[in-house]
Amino acid sequence: MSARQLIVLAVAAIAAIGALLLIRGMGGRQSDPAEVADASPIGGEQVLVVTRDIPQGAALVPSDIEVRLFPNDSVSPQMINATDNPSAQAEYVGAVTRRPFVQGEPIIQGAVVQPANGGFMAAMLTPGFRAVAIEINNDTAVGGFVQPNDHVDVILTAMVNGAGGREEARSSIVLEDIRVLALNDVVQPQTSGDTPTRTEAQVAVLELSPDDARVLAQADGAGDVSLALRSVEAETVGMHTPRAQRSTPGGGGVRIHAFGSVQGGGS
C-alpha cells in the first residue's frame with residue numbers, strides 16, 4: 001500500500017471518529033435532564049368552552065362542554081375557570097344558554113343559567129326582568145316579520161278628546177328597545193333561508209322590567225298596542241326624544257319614553 005493511500009485512510013478514520021463524537025455530544029445535550037427541567041411550561045388557566053355551535057335556549061349536555069388551556073392574560077373573571085373549580089364541567093351540564101354560542105367559545109357567567117326548579121322561559125330571562133305576554137296579529141306586529149330575540153318599540157294608539165270635543169286617534173311610543181322572548185311557542189329566530197319567514201302569532205312574550213310591565217298593562221287597557229321593529233345596529237344617540245313623564249291618552253298615568261301623535265278621527 002502506497003504512502004498516499006495510507007494518508008487517505010488515516011484522514012477518513014479521523015473524520016469518522018470526529019463525526020461519531022459530534023453525534024454523541026448532540027444526543028447528550030437533547031436528553032440532558034437538567035435542560036429539560038429548566039424548560040418553562042406554558043402558563044394558563046383551564047377554561048370551559050363549548051364544543052359546537054349552541055343555539056339560544058339549549059340545555060348543555062356533557063358532549064357540549066370541554067376544558068381548554070387559555071393564556072393567563074386572556075382569561076376573564078366572567079369565564080368558568082376549571083383550574084380553580086375542577087368540578088365545573090359537571091356542574092354546568094344542564095345549564096340553559098341565554099344567547100347563541102359558537103364552537104370553541106368560552107362559557108361566560110350570566111350567558112348561561114342553571115334552571116334548577118324553574119321553567120325554560122324563566123331560565124331565558126335576564127335577572128330582574130319579567131316575561132309579559134300581549135295579544136298581537138300581523139297588523140300589530142310588523143306584518144308577521146318580528147322574530148324571537150328581536151328588539152321592538154311598543155306603540156299605544158287610543159282615541160282621545162281633541163280640540164272642539166272631537167275624538168282624535170293619537171299614537172305614542174310607550175316603551176323602547178324591548179326584547180321579544182317568544183312568539184306563540186317559537187323561541188328561536190330564523191337562521192336559514194333566502195327570504196324572511198312570517199310568523200303567524202297571536203301572542204308575543206316580551207322581556208320587561210317591573211316598571212315597564214306596569215306601563216304595558218296600563219297601555220293595553222287604554223287602547224290598541226302594536227310593535228315597531230328596531231334595527232340590529234346601535235342607533236345614534238339623540239335620535240329619540242328623551243324619556244319624560246307623560247299621561248296616557250285618555251288618562252291612566254302611563255310613563256312615555258318617547259312620543260309622537262297621529263291625528264285622525266271623524267270630521
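I will go through the overall make-up of this chain and then look at one of its helices, α5, bearing in mind that what we have here is a predicted model.

Starting with the chain as a whole, its secondary structure amounts to 5 helices and 9 strands, and if you follow the sequence from one end to the other, these elements come in the order α-α-β-β-α-β-β-α-β-β-β-β-α-β. The chain has 267 residues, of which 32% count as buried. As for the surface, the protein chain exposes about 15900 Å², with carbon and sulfur atoms supplying 56% of that area. When we take the contacts between residues at least 6 apart in sequence, 69% of them join residues that are at least 24 apart.

Let me now turn to α5, which covers residues 210-222. This helix has 13 residues, and the distance from its first C-alpha to its last is 19 Å, close to the 18 Å expected at 1.5 Å a residue.

Which residues of α5 are buried? They are D212, A213, V215, L216 and A219. Looking down the axis of α5, we find these buried residues within an arc of 160°, and so they line one face of the helix. On the face turned away from that buried side, α5 carries the exposed residues A217 and G221.

That leaves the question of what the buried residues of α5 pack against. Their partners are strands at several places along the chain, namely β5 (130-135), β6 (151-161), β7 (167-183), β8 (203-208) and β9 (224-229).

Terms used: Residues numbered from 1 in each chain as written. Predicted model: local features only at pLDDT ≥ 70, side-chain atom pairs only at ≥ 80, totals over all residues. Heavy atoms only, no water. Helix = DSSP H or I, 4+ residues; strand = E, 2+ residues; numbered from the N terminus. Expected span 1.5 Å × (residues − 1). Buried < 20%, exposed > 50% of the residue type's maximum accessible area, 1.4 Å probe, protein only. Arc of directions from axis to C-beta. Contact = heavy atoms within 4.5 Å. Areas by Shrake-Rupley, 256 points an atom, 1.4 Å probe, with all protein chains shown as cover.
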